[in-house]
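Me: Please look at the following entry with me. I should like to ask on what grounds certain terms are applied to it.
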Amino acid sequence: MKDMTKHSYSAVALVAIGLMAFAGCSMAPGQSNLGGSTQGGSSISGGGQGGLGLGSQGGTTESNAGSPAAGSPTAGDASTGANLTAGNSQGGDLVGGTLAGGIPTGGTLIGGIPTGGTLAGGIPTGGTRTGGASAGGSIAGGVIAGGSIAGGAKTGGTTTAGTIAGGSTAGGTKTGGTTTVGGATTSSSAPIVSCTSYTPPSAATYKIPTPMTPVDTQATQLVSQMAVTDQINILSGDHTTNPYATAGVAFRSLGVASLNIPNYPMRDGPRGMRNIMPGDVSTCFAVAEARAASFDLDLEYQVGNLQGREMRAAKNELALAPVINTLRHPRWARAQETYGEDPVLLGEMGAAYVRGMQQPGGCAACPKHYVLNDTDNNRMQANPNVDMQTLHENYSRPFEITVKKGDPACIMAAYNMVNGTHCTENKSVLGDILRTQWGWGGFVVSDWSAAQAGHGAASMNAGLDLEMPVPSAFTTLSGDLSAGTLTSAALTASATRVMNARTKFKDLDATYVASTASFSLAGAQEAVTLAERTELEGAVLLKNDGILPLGSLATTIGSGSPNAKIIAIVGPDNNLPVAPTATQNSQKNFVSGLGDRGSSQVVAPHAVSYFQGLQAHAGGLTIKQSADSSAAAGADVVIIPVSMAHEDEGEGYGGGADRQNMNLTTIHPIHWTTTRPAAFIQSVAAINPNVIVLLNVGSAVIVEDWMTYAKAIIQTFYPGQEGGTALAALLFGDSNFSGKLPFTVGQNESDYPQFQNSGTAAATIDYYHGYRLFEKNAKPVRYWFGYGMSYTTYTYSNLQVLCSNSTIPATGALNVQVTVQNTGKVAGDEVVELYIGYPNSKAPKRPVKELKAFTRVTLAPGASQNVQLSIPATDTAYWDATNNKWTVESVAHTVLVGPSADPTKLLSATFTIQ
Ligand code: BGC
């Protein structure tokens with residue numbers, strides 16, 4: 001059997017969204033003391049003894065190299081050079097010290113040497129673990145000698161004679177020892193956390209790294225030294241140079257030379273850092289829609305983190321990403337840039353990306369496009385008409401989750417209007433929701449040229465802080481001050497918000513300012529491994545009629561193509577993906593297979609095509625290719641990649657547009673000219689029935705017309721620079737499929753919501769979309785949201801509500817447990833999904849059910865786990881538009897747990913909120 005562990009990954013700590021699920025990883029109440037309060041243990045400080053913030057409040061940094069014994073530093077403390085012997089550290093940071101025999105929980109150990117202790121939920125970086133055990137943590141660049149990690153992840157280091165159970169190893173070396181994926185059946189029938197109050201996950205990856213409040217005193221001081229003209233200047237793009245004539249100018253706002261504040265450089269994401277200047281290069285990941293299919297928050301955290309470090313190394317300070325617009329209709333040109341149709345998946349993914357990006361060494365993030373930006377052809381004029389319940393629950397909700405769980409430095413206001421007012425001057429969506437309701441302290445930037453000319457006071461008073469790429473609305477600010485339509489306090493508040501983001505991320509630090517740009521991370525092994533992982537976890541196996549896997553694994557599992565030796569890749573896209581050169585990158589009709597050529601374009605260091613990936617995979621194979629069907633004859637299997645391009649689904653300039661329809665029978669892909677994929681697939685199947693279709697597409701495609709001619713269908717999305725390597729690993733089963741659809745694939749396009757992508761007429765946004773709409777209208781679904789196959793099978797059983805009498809208070813938590821078993825012959829990662837249903841709701845509108853939590857579990861063949869998930873009761877609330885607040889209904893609800901939104905596949909139980 002192939003080594004199924006090689007490319008199999010699981011989320012760090014498996015604590016996606018408040019879930020404490022995993023092999024014996026039971027979490028004691030009260031472990032997540034983030035924020036810091038004094039707790040037990042002897043309070044020793046200074047005098048060569050201190051360290052570890054014993055008895056101190058969160059947030060202090062101590063650098064005395066003492067040795068506290070048996071103490072308990074708590075929450076957020078950073079200690080430098082200290083040693084902790086036999087103590088307990090909860091949520092603190094130990095930098096450069098030694099931990100012997102202690103039990104740090106949820107903290108970070110940087111460069112230290114833990115010996116014989118237990119680290120639960122923490123992240124040792126660059127350290128050495130000897131003889132201890134870690135549950136749910138991750139080690140980056142460290143060494144494990146004789147120790148073990150359960151449920152964690154290890155990146156880039158060395159493991160000698162250690163054990164990683166249920167975790168993952170990326171890019172490191174492992175010598176001796178055992179790596180176990182899955183593990184023995186574990187059980188736990190007692191609630192892992194209290195049902196009377198909700199305990200958020202305490203792992204370090206869930207900590208907000210750079211809170212925007214309170215405001216830095218350095219920011220306040222700098223703004224107090226600025227003249228009014230300086231304040232106005234820093235709130236606009238650089239208009240001292242023609243932004244359309246000089247590369248890069250359109251992507252920086254102004255500084256203040258007299259105060260040594262440089263210009264503020266920014267770049268787009270989200271599939272990698274956008275390259276503007278000649279020679280710039282950066283890692284190209286699988287697109288966000290693919291990463292959403294992983295349902296893996298650790299993966300998205302790592303992607304955000306690497307992009308943040310690439311940005312910082314390249315001397316860019318604000319990433320215009322992630323996109324967290326709800327995918328209301330699959331035809332949206334920029335569907336590939338977002339995380340699918342579900343507000344919770346969108347928000348959790350967005351928050352993970354932001355937390356990763358905003359770590360020290362990274363940069364500020366700017367989720368976009370707030371709000372309801374989900375058509376492209378008319379994006380500058382679109383005027384969605386939306387009621388407040390629909391807005392709060394389905395469209396601003398991803399931003400709310402990202403704000404609350406990620407605290408981004410910035411949010412981008414969209415081009416479109418909402419209820420008749422442009423987002424850039426819409427007080428209801430900016431001031432009222434972002435600032436008053438959510439209490440968020442970051443700054444709002446306009447989308448490029450989105451602010452309305454001459455509307456300076458209206459925009460700033462509504463909540464816009466920074467106008468890009470040149471002042472058009474903000475040209476009036478000086479006059480607005482004189483006229484009294486704008487106060488100097490409002491201007492100063494905007495200037496302070498922008499400066500606060502810059503000082504929080506240390507953009508003005510002398511060493512950073514003096515440094516030179518580097519692009520070396522793009523080709524580094526760490527980036528290559530992570531980019532490959534985005535596709536390994538993101539590709540979704542939609543159909544497999546016994547043709548996959550290829551090679552020896554097929555013999556092991558008794559299904560597939562064990563003797564596949566000659567593989568043909570045919571059709572117009574047989575050579576994709578390919579990395580465009582910088583020159584090709586600006587040619588809008590160049591087809592790369594890597595995704596859009598609008599603002600999300602990336603110049604990758606290289607791209608591995610599907611052909612190259614298969615050729616490199618293993619000896620003894622013959623890989624053939626042809627642009628027509630000729631290579632199909634005589635092959636054992638035939639692969640047909642079908643790739644969209646910028647002109648099919650691309651941002652609205654340079655030929656980009658929304659998709660014209662969802663099928664493969666009439667127009668798309670445009671570069672296939674007169675050949676239509678549906679007919680081509682059928683004609684190839686007539687030559688050779690062993691057809692595998694790759695959907696190199698950003699969102700849903702209707703498959704009804706041709707699916708019977710394909711034995712396997714894989715939604716590869718735009719797979720990133722390592723796409724070919726990942727595909728080969730998946731086809732041969734070196735890595736098992738685990739991706740699940742982040743959107744619904746219907747059978748008829750007419751069953752999706754109205755897609756009004758022309759004109760300015762107000763378009764009413766219905767409350768229902770995606771699986772909520774298909775379920776409500778009982779329309780036929782081909783592939784449900786959350787669906788994806790693998791080379792193994794899983795069963796779900798014994799769903800239990802872990803709360804006394806299945807009753808919880810409105811301020812409490814719903815804790816559930818389900819047993820998931822791998823009933824097949826190979827290891828795999830299964831995404832477990834939790835939905836809430838509202839059969840007794842009195843709210844004006846409610847979906848039949850909606851996603852509230854998810855996690856990935858890694859299971860060896862035959863292994864089963866009791867997976868526990870936890871959500872706060874407040875997550876069941878609806879938006880009460882009459883009283884303007886989230887309202888929890890004190891009635892009986894249903895909780896549904898299973899592998900997808902398919903109602904026939906979910907277990908259900910009842911619980912009551914009192
Ligand atoms: C896009 C934004 C992007 C901006 C700057 C706009 O056209 O809508 O997503 O950040 O350009 O490139």
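Me: What makes strand E25 and E26 a pair?

Reply: Two strands pair if DSSP finds at least two bridges between them; E25 (residues 318-320) and E26 have two bridges, in the parallel sense, so they pair by that definition. One of the bridges joins Ala319 to Ala365 in E26. Strands here are DSSP runs of E, at least two residues long, numbered from the N terminus. This is a predicted model, in which local features need pLDDT of at least 70, side-chain atom pairs count only at pLDDT 80 or more, and totals for chains, interfaces and linings use all residues. Residues are numbered from 1 along each chain as its sequence is written, and side-chain values use heavy atoms, with hydrogens and water left out.

Me: Why do strands E23 and E26 stand at the edges?

Reply: The open sheet has four strands in the order E23-E24-E25-E26, with mixed pairing. Strand E23 (252-253) and strand E26 (364-365) each have a single partner strand, so one side of each lacks a neighbour in the sheet.

Me: What makes the contact of Arg334 with the ligand a polar one?

Reply: A polar contact is a pair of N or O atoms within 3.5 Å. An N or O atom in the Arg334 side chain is 2.8 Å from a ligand oxygen atom, and for His369 the value is 2.7 Å; both therefore qualify as polar contacts. The protein buries 96% of the 310 Å² that the ligand exposes when taken alone, as computed by the Shrake-Rupley method with a 1.4 Å probe.

Key. Polar contact = N/O pair within 3.5 Å; in protein donor to acceptor, adjacent residues only side chain to side chain.
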